[in-house]
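Dear colleague,

I am passing on the structure we spoke about, with the sequence alongside it. My notes on what turned up follow below.

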Amino acid sequence: MPVLPDLGLRRAVAAMLGVPLEQAPRSLPDADLARLDRLSWTSEGEAAAYGRRWTAIASLNGLEHATGLVEVALSGNHITDLRPLGACRALEEAWLGDNAIADLAPLGGLTRLRGLPLYGN
């Protein structure tokens with residue numbers, strides 16, 4: 001089972017799967033990650049909705065198993081490494097503003113990617 005070491009990422013995935021944030025598992029079956037088509041965890045929307053339970057994402061490790069992702073909205077986190085997203089071949093939109101991203105090379109093979117807002121990086 002893929003491991004999601006980052007607490008913020010675990011909570012984001014849990015929210016999308018309908019799992020209570022306090023029960024966000026450290027590892028998930030491949031099938032659960034593969035069925036994710038959207039992931040949203042921003043400092044604007046989810047931070048306001050979840051309050052103190054919102055935790056910024058620093059690492060996307062484990063997200064490479066979410067092969068069905070079409071859209072991610074991860075603005076306002078602490079993300080630096082996009083390598084896990086490089087495996088998400090269905091990705092069309094990646095909202096990644098206000099992070100600490102310096103290298104876009106991991107996204108070079110994503111032929112469906114048409115939206116990539118990167119303001120504030």
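Is D81 buried, partly exposed or exposed, and what is its relative accessible area? Please bear in mind throughout that this is a predicted model. With a relative accessible area of 24%, D81 is partly exposed, and its side chain meets that of R83 in a salt bridge, at 2.6 Å from N to O. R83, for its part, counts as exposed, because its relative accessibility is 59%.

That pair belongs to a wider set, since the structure holds seven salt bridges. Another of them joins the side chains of D32 and R35, at 3.7 Å from N to O; here D32 is partly exposed at 24% relative accessibility, whereas R35 is exposed, with a relative accessible area of 53%.

The salt bridge between R38 and E71, whose closest N and O atoms are 3.8 Å apart, leads into the sheet. R38 lies in strand β1 and E71 in strand β2, so the pair ties together parts that are 33 residues apart in sequence. Both residues count as partly exposed, R38 at 39% relative accessibility and E71 at 27%. The two also stand opposite each other in the strands, and salt bridges that share partners join D37, R38 and E71 into one network.

As for the sheet itself, it is open and has three strands in the order β1-β2-β3, with parallel pairing. The strands at its edges are β1 (38–40) and β3 (93–95), and each of these has a single partner strand, so one side of each is left without a neighbour in the sheet. Neighbouring strands are turned by 5° against each other on average, when direction is ignored. Between β1 and β2 (residues 71–73), which run parallel, there are three bridges.

I then looked at helix α1, where eight of the 11 residues are buried, so that the helix is mostly covered. Among the buried residues are G8, L9, V13 and L17, and what covers the buried residues of this helix includes α2 (30–34) and β1. L9 is a clear case, since it counts as buried because its relative accessibility is 0%. Leaving aside neighbours within four places in sequence, L9 is in contact with L4, L39, I57, S59, L60, N61 and L63. The last of these, L63, is 54 residues from L9 in sequence, while their C-alpha atoms are 8.4 Å apart in space. Just after α1, G18 takes a positive phi of about 80°.

What does D6 do in the segment before α1 (7–17)? D6 caps the N-terminal end of the helix, with a side-chain oxygen 2.9 Å from the backbone nitrogen of G8. A polar atom of the D6 side chain also lies 3.1 Å from the backbone nitrogen of S59. Setting aside neighbours within four places in sequence, D6 is in contact with A56, I57, A58 and S59. D6 is buried yet has no salt bridge, and the nearest side chain of opposite charge, that of R10, is 6.9 Å away. For a salt bridge, the side-chain nitrogen would have to be within 4 Å of a carboxyl oxygen, so a separation of 6.9 Å does not qualify.

With best wishes

Note on methods
Residues are numbered from 1 along each chain as its sequence is written. This is a predicted model: local features need pLDDT of at least 70, side-chain atom pairs count only at pLDDT 80 or more; totals for chains, interfaces and linings use all residues. Side-chain values use heavy atoms; hydrogens and water are left out. Buried means under 20% relative accessible area, exposed over 50%, partly exposed in between (1.4 Å probe, protein chains only). Lys and Arg count as positive and Asp and Glu as negative; His and the chain ends are not counted. A polar contact is a pair of N or O atoms within 3.5 Å; within protein, one must be able to donate a hydrogen and the other to accept it, and residues adjacent in sequence count only if both atoms are side-chain atoms. Contact means heavy atoms within 4.5 Å. Two strands pair if DSSP finds at least two bridges between them. Helices (H or I, at least four residues) and strands (E, at least two) are DSSP runs, numbered from the N terminus. Axes are lines fitted to C-alpha atoms, for helices over the stretch in contact, and angles run from 0 to 180 degrees between N-to-C directions.
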